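Subject: Structure for you to look at

Hello,

Here is the structure I promised to pass on. Please open it alongside this email, and my notes follow below.

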Amino acid sequence: AAVAPAGGAAPAGGVAQPPLPPSDGPVRPAERITSVLSNEKRRGRWEVPARIDVTSILGEVVLDFTEAVVRTPEVEIQTAIVLGSLTLIVPEGIDVRLDEGTNILGERKMKLREPVTPGAPVYRVRGFVLLGEVTVRPPRDKRRSLLGH
């Protein structure tokens, strides 16, 4: 199978990054990310496993899929957020579904506006939020952030 960045879109500069070479082994089935009174971030070129279990207790987890390599048609993100936050940064056109979940004085926000690109991977977000938040948003426009907007 071909390896391509999530969404297959060119970055803001207009030049597509070359794909990472296929790994020698199978796709990692799962990864656990735990953030207790701390911050955890995944950015740049990283290989996304089929399942990510995120626990954030008084912490912040940011998963930036903008340049990530997704080799599975579906990624499951299981959440346990207590007084913390999880931010998923995904290119427009990615199919992100806020599936089964429980909110207790928490919030789950979807900020994507563009239609889903056919053939894009599906990200399923499940789990619970207690006094925290899960946010799905597109990357910020670098030109706008330089201007302070």
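Let me begin in the middle of a strand: G101 has G127 in β11 as its bridge partner. That contact belongs to the pairing of β9 with β11, which is parallel and runs over 8 bridges. Please keep in mind as you read that this is a predicted model.

**The sheet around β11**

β9 and β11 are part of an open sheet of 5 strands, ordered β1-β4-β7-β11-β9 and paired in parallel. Why do β1 and β9 each have one side without a neighbour in the sheet? These two strands, β1 (30–36) and β9 (95–104), stand at the edges, and each has a single partner strand, so one side of each stays free of a neighbour in the sheet. From one strand to the next, the twist averages 10°.

On its other flank in the strand order, β11 follows β7. Strand β7, residues 74–82, and strand β11, residues 122–130, pair in the parallel sense over 9 bridges. If you would like residues to click on, I77 has V125 in β11 as its bridge partner, and V82 is matched with L130 in β11. As for burial, 7 of the 9 residues of β11 are buried, so this strand is largely enclosed by the rest of the structure.

**The other sheet**

There is also an open sheet of 5 strands in the order β2-β5-β8-β12-β10, again with parallel pairing. Its edges are taken by β2 (39–42) and β10 (107–110); each has a single partner strand, so one side of each is left without a neighbour in the sheet. The twist here averages 5° from one strand to the next.

For a closer look at one edge, go to β2, which is joined by 4 bridges to the parallel strand β5, residues 60–64. Within that pairing, E40 stands opposite V61 in β5.

**Aromatic rings**

How many aromatic pairs does a search of the whole structure find? The search gives 2. One of the ring pairs is W46 with F65, a tilted arrangement with 5.3 Å centre to centre and 40° between the planes. The partners come from distant parts of the chain, 19 residues apart: W46 sits in the loop between β2 and β3 (47–48), and F65 in the loop between β5 and β6 (69–70). Both W46 and F65 are buried. Ring pairs also bring in Y123, giving a cluster of W46, F65 and Y123.

**Salt bridges**

The structure holds 11 salt bridges, and I will point out a few. E47 forms a salt bridge with R71, with the closest N and O atoms 2.7 Å apart. This pair also links distant parts of the chain, since E47 is in strand β3 and R71 is in the loop between β6 and β7, 24 residues apart. Are these two residues buried, exposed or in between? E47 counts as partly exposed, at 26% relative accessibility, and R71 counts as partly exposed at 25%.

R51 is worth selecting next. Its side chain meets that of D53 in a salt bridge, 2.7 Å from N to O. R51 is partly exposed at 28% relative accessibility, whereas D53 counts as buried at 13%. R51 also forms a salt bridge with E76, where the closest N and O atoms are 3.2 Å apart. Here too the pair links distant parts of the chain, with E76 in strand β7 and R51 in strand β4 (residues 51–57), 25 residues apart. E76 counts as partly exposed, at 21% relative accessibility. Through shared partners, salt bridges join R51, D53, E74, E76, D99, R124 and R126 into one network.

**A nonpolar patch on the surface**

Last, have a look at the surface made by V36, L37, I57, L58, L83, I104, L105 and L131: together they form a nonpolar patch of about 770 Å². One of its members, L37, lies in the loop between β1 and β2. L37 is exposed, with a relative accessible area of 65%.

Happy browsing, and do write back with your thoughts.

Best wishes

Technical notes: Residues are numbered from 1 along each chain as its sequence is written. This is a predicted model: local features need pLDDT of at least 70, side-chain atom pairs count only at pLDDT 80 or more; totals for chains, interfaces and linings use all residues. Side-chain values use heavy atoms; hydrogens and water are left out. Two strands pair if DSSP finds at least two bridges between them. Axes are lines fitted to C-alpha atoms, for helices over the stretch in contact, and angles run from 0 to 180 degrees between N-to-C directions. Rings of Phe, Tyr and Trp (its six-membered ring) pair if their centres lie within 6.5 Å; planes under 30 degrees apart count as stacked, over 60 as edge-to-face and the rest as tilted. Buried means under 20% relative accessible area, exposed over 50%, partly exposed in between (1.4 Å probe, protein chains only). Patches are made of residues with over 30% relative accessible area and no salt bridge: like charges are joined within 9 Å, nonpolar side chains (Val, Leu, Ile, Met, Phe, Trp, Tyr) within 5 Å. Accessible areas come from the Shrake-Rupley method with a 1.4 Å probe; for residues, only the protein chains shown count as cover. A salt bridge is a side-chain nitrogen of Lys or Arg within 4 Å of a carboxyl oxygen of Asp or Glu.
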